[in-house]
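Hi everyone, thanks for making time this morning. I'd like to walk you through a model, so have a look at it first and then we'll talk about how its parts fit together.

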Amino acid sequence: MDGNLIFLFAALAIVWVIIVGYLVVLGGRLSALQRELDTLKRQDTWTDDDA
Amino acid sequence: MQRLHPPASSVRPAAGLFADRPGLGLALLAMLSMGAALYAALLYAPTERLQGDVQRIFYFHVPLAWTSYLAFFVVFVASAAYLAKRAPVLDAVARSSAEVGLLFTTMMLITGSLWARPIWGTWWSWDARLTTTLLLWFIYVGYLMLRASVEDEEKAARYAAVIGIVGAVDIPIIHQSVVWWRSLHPESVVLASGGPAMPASMLSALVISLVAFTVLYVVLVLLRTRLELARADLRSLRRRALERLA
């Protein structure tokens with residue numbers, strides 16, 4: 001068994017953790033946008049219906 | 001009654017996350033190609049005689065380097081185009097590509113360090129290629145910090161575009177650093193004069209991995225750009241709402 005195998009698996013694990021982590025961060029940003037959008041939807045200031 | 005402003009429902013950031021067919025197709029392609037890259041790197045490629053299995057880091061480290069250069073080249077092109085045309089979508093592409101490029105550069109530096117430890121006997125060396133790559137990393141950290149700190153969006157986009165153009169100068173310097181200065185890094189084995197200096201099986205594994213990381217880069221930038229554009233739309237809606245309230 002190659003004694004340096006731990007470095008290979010550490011490299012692989014870090015790459016995948018960073019990629020998945022970034023996707024999670026993007027998802028979080030999307031959720032924040034969606035929440036803000038929902039808030040704006042609840043406001044009637046967008047249309048002249050209030051006028 | 002007439003609707004004076006676009007309704008909030010017209011902005012759909014949810015469509016940015018693989019919700020449409022091309023986005024879903026690209027995401028599936030990225031997953032499949034990354035799976036193929038894993039197979040090629042860990043199972044298909046032969047074990048290097050001197051370094052052993054740790055040399056397989058090469059199949060991630062080199063594609064990460066390539067996609068980092070690609071990302072910052074896209075920042076350069078989009079930034080120059082933004083300064084010429086002032087189209088917000090170009091700024092969104094530049095910003096997204098800078099963020100993804102920084103992510104890939106971070107992974108490149110980490111995988112390089114993990115490869116260097118067993119082979120060179122050190123985690124880091126201040127040789128020309130590593131130092132210029134670290135400089136590249138700092139340039140784009142600065143780029144994103146600038147974006148976050150300047151409140152005026154137009155001004156931030158303009159300043160960042162200048163950094164995006166100037167920062168790209170480091171890319172050819174990194175590439176040539178192993179030729180210009182003494183370095184622990186070997187000279188290019190793929191673009192060597194006289195053809196790639198590696199067996200065909202290693203070269204095909206590298207090509208598969210290059211394609212996979214390039215597809216992943218494209219998917220992440222598209223995703224990030226859509227998010228950026230949706231955020232700009234929301235900012236505009238919020239501004240209009242405040243104007244109407246005033």
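Let me start with a convention for helix pairs: an angle under 35 degrees counts as roughly parallel, over 145 as roughly antiparallel, 65 to 115 as roughly perpendicular, and the rest as oblique. Those angles run from 0 to 180 degrees between N-to-C directions, and the axes are lines fitted to C-alpha atoms, for helices over the stretch in contact.

Some housekeeping, please: this is a predicted model, where local features need pLDDT of at least 70 and side-chain atom pairs count only at pLDDT 80 or more, while totals for chains, interfaces and linings use all residues. Residues are numbered from 1 along each chain as its sequence is written, with chains lettered from A and ligands numbered from 1 in the order in which they are written.

Now, the two chains. Chain B has seven helices and zero strands, where helices (H or I, at least four residues) and strands (E, at least two) are DSSP runs numbered from the N terminus. Its C-alpha atoms fill a box of roughly 75 × 35 × 30 Å along the principal axes. Chain A comes to one helix and zero strands.

How much of each chain is buried? For chain B, 39% of its 246 residues; for chain A, 14% of its 51 residues. Buried here means 20 or more other C-beta atoms within 10 Å of the residue's own, exposed means 12 or fewer, and partly exposed is in between, with C-beta atoms placed from the backbone. As for contacts in chain B with a separation of 6 or more, 77% are between residues 24 or more positions apart. A contact is a pair whose C-beta atoms, placed from the backbone, lie within 7 Å.

On to the helix pairs. α2(B) and α7(B) have axes 9 Å apart and pack at an angle of about 40 degrees, so the two are oblique to each other. On the α2(B) side the contact includes Tyr59(B), Phe60(B) and Trp66(B), and on the α7(B) side Phe213(B) and Tyr217(B) are among the residues involved. The crossing of this pair is right-handed, meaning the near helix is turned clockwise from the far one by less than a right angle; anticlockwise would be left-handed.

Compare that with α2(B) and α3(B), whose axes come within 8 Å and cross at roughly 160 degrees. That makes α2(B) and α3(B) roughly antiparallel, and their crossing is left-handed. In the loop between these two helices sits Arg86(B), with a positive phi near 60 degrees. Most residues other than glycine have a negative phi. Arg86(B) is partly exposed, because 13 other C-beta atoms lie within 10 Å.

Where do the chains meet? α1(A) and α7(B) pack with axes 11 Å apart at about 25 degrees, and are therefore roughly parallel. This crossing is left-handed. Leu26(A), Leu30(A) and Leu33(A) are among the α1(A) residues here, meeting α7(B) residues that include Leu223(B), Leu227(B) and Leu234(B).

That brings me to the core. Which residues touch the most other members of the largest nonpolar core? Val75(B) and Tyr217(B), out of 68 residues. α1 (5-42) of chain A and, from chain B, α1, α2, α3, α4, α5 and α7 each supply at least two residues of this core. By nonpolar core I mean buried Ala, Val, Leu, Ile, Met, Phe, Trp, Tyr and Cys residues joined through C-beta atoms within 7 Å. Beyond its neighbours within four places in sequence, Tyr217(B) is in contact with Thr67(B), Leu70(B), Ala71(B), Val100(B) and Phe104(B).

Another residue to click on is Phe76(B), in helix α2 of chain B. Phe76(B) counts as buried because it has 20 C-beta neighbours inside 10 Å. Leaving aside neighbours within four places in sequence, Phe76(B) contacts Gly164(B), Ile165(B) and Ala168(B).

Last stop, α6(B). Asp170(B), Ile174(B) and Ser177(B) are buried in this helix, residues 170-180. They cover an arc of only 60 degrees around the axis, so they are on the same side of α6(B); the arc is that of the directions from the helix axis to the C-beta atoms. These buried residues pack against α4 and α5 of chain B. The face turned away from the buried side carries the exposed Pro172(B), Val179(B) and Trp180(B).

Terms used. Contact = placed C-beta atoms within 7 Å.
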